[in-house]
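Reader: Pick one part of this model and take me through it slowly, please. I'd like the cut-offs spelled out as you go.

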Amino acid sequence: MGAEVLTVEHVAFRYAGIPVLRDVNLRVEAATTVAVTGANGSGKSTLLHLLAGVEEPAEGSVRRRAGCRLALLPQRTSGIDALPLTVAECVQIGRFRPRRRLNRDDHAAVSTIMERLDLVHLARRRLRELSGGQRQRTLIAQALVQVADIYVLDEPTVALDATSRQRVHDLLAERVRAGAAVVYASHDDADAALADRTVRLAGAVEYTITDAPV
Ligand SMILES: Nc1ncnc2c1ncn2[C@@H]1O[C@H](COP(=O)(O)OP(=O)(O)OP(=O)(O)O)[C@@H](O)[C@H]1O
Ligand SMILES: [Mg+2]
């Protein structure tokens, strides 16, 4: 077992008093993948937002290991379409740091991820000029180009064809082999089965964790 990077204990969450999650407990170790599954509205995105610190729990605690860097791919990303960004610029954002220009490593990482996700020929296109799958690949590239210890991805492969899906899973597996933790939400059983563990949310009251068959 690797070091624990995320610890969720007795977490409850409510939107305007309406319960969404109750008594969720989860431990995520370095170099492992966790798939979060469940029906529409069961709270997957909410749980991922809690893991990333975008939302605070009403009860219980979410702890990230000190110093851990976290990259988040949200499910809803429509706001970014209003910006006049090209694909290449959108991916580069993943390497932005305050008061620092992108260096050679940053540019190399951007080039590599764009090749791996078949984005090179789209580099100068604006986000709003892309197909759904091309746009999703761009946003995945922006998340995966980040140097992070924890990658939290909300339904990353939902709009993707089989080839692109495989590419994303290959990249995630590489990040995990390099020691990162990956948590992703998915509706697809085959997709979820690729994770080391599955957390199935069953609405506000119950959830189960299973180890993937080996
Ligand atoms: N900002 C919000 N304000 C109020 N209720 C919300 C808000 N966001 C989500 N909800 C509600 O919280 C519940 C959980 O939503 P969440 O988006 O976490 O589900 P999900 O499992 O990610 O669903 P999906 O599979 O559709 O992505 C749903 O009942 C939803 O209607
Ligand atoms: Mg969701």
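Author: Let's start with burial: buried means under 20% relative accessible area, exposed over 50%, and partly exposed in between (1.4 Å probe, protein chains only). Housekeeping next: this is a predicted model, where local features need pLDDT of at least 70 and side-chain atom pairs count only at pLDDT 80 or more, while totals for chains, interfaces and linings use all residues. Residues are numbered from 1 along each chain as its sequence is written, chains are lettered from A and ligands numbered from 1 in the order in which they are written, and side-chain values use heavy atoms, with hydrogens and water left out.

My pick is helix α5, residues 162-177. Helices (H or I, at least four residues) and strands (E, at least two) are DSSP runs, numbered from the N terminus. With 16 residues at 1.5 Å each, α5 should span 22 Å, and its end C-alpha atoms are indeed 22 Å apart; the expected span is 1.5 Å times one less than the number of residues.

So what's tucked away? The buried residues of α5 are Ser164, Val168, His169, Leu171, Leu172, Arg175 and Val176. Looking down the axis of α5, these buried residues fall within an arc of 160 degrees, so they line one face of the helix; the arc is taken over directions from the helix axis to the C-beta atoms. Ala162 and Arg177, on the other side of α5, are exposed. The cover over the buried residues includes β3 (33-38), α3 (104-116), α4 (132-144), β6 (150-154), β7 (181-185) and α6 (189-192), with contact meaning heavy atoms within 4.5 Å.

Now the two ends. At the start of α5, a side-chain oxygen of aspartate 161 comes within 3.2 Å of the backbone nitrogen of threonine 163; a polar contact is a pair of N or O atoms within 3.5 Å, and within protein one must be able to donate a hydrogen and the other to accept it, with sequence-adjacent residues counting only if both atoms are side-chain atoms. After α5 comes glycine 179, whose phi is positive, near 110 degrees.

Zooming out, the largest nonpolar core (buried Ala, Val, Leu, Ile, Met, Phe, Trp, Tyr and Cys residues joined through side-chain atoms within 4.5 Å) has 36 residues, of which Ile113, Met114, Leu117, Leu144 and Leu153 touch the most other members. Helix α5 is among the elements giving two or more residues to this core, including also α3, β6 and β7. The top contributor is α4, with five residues.
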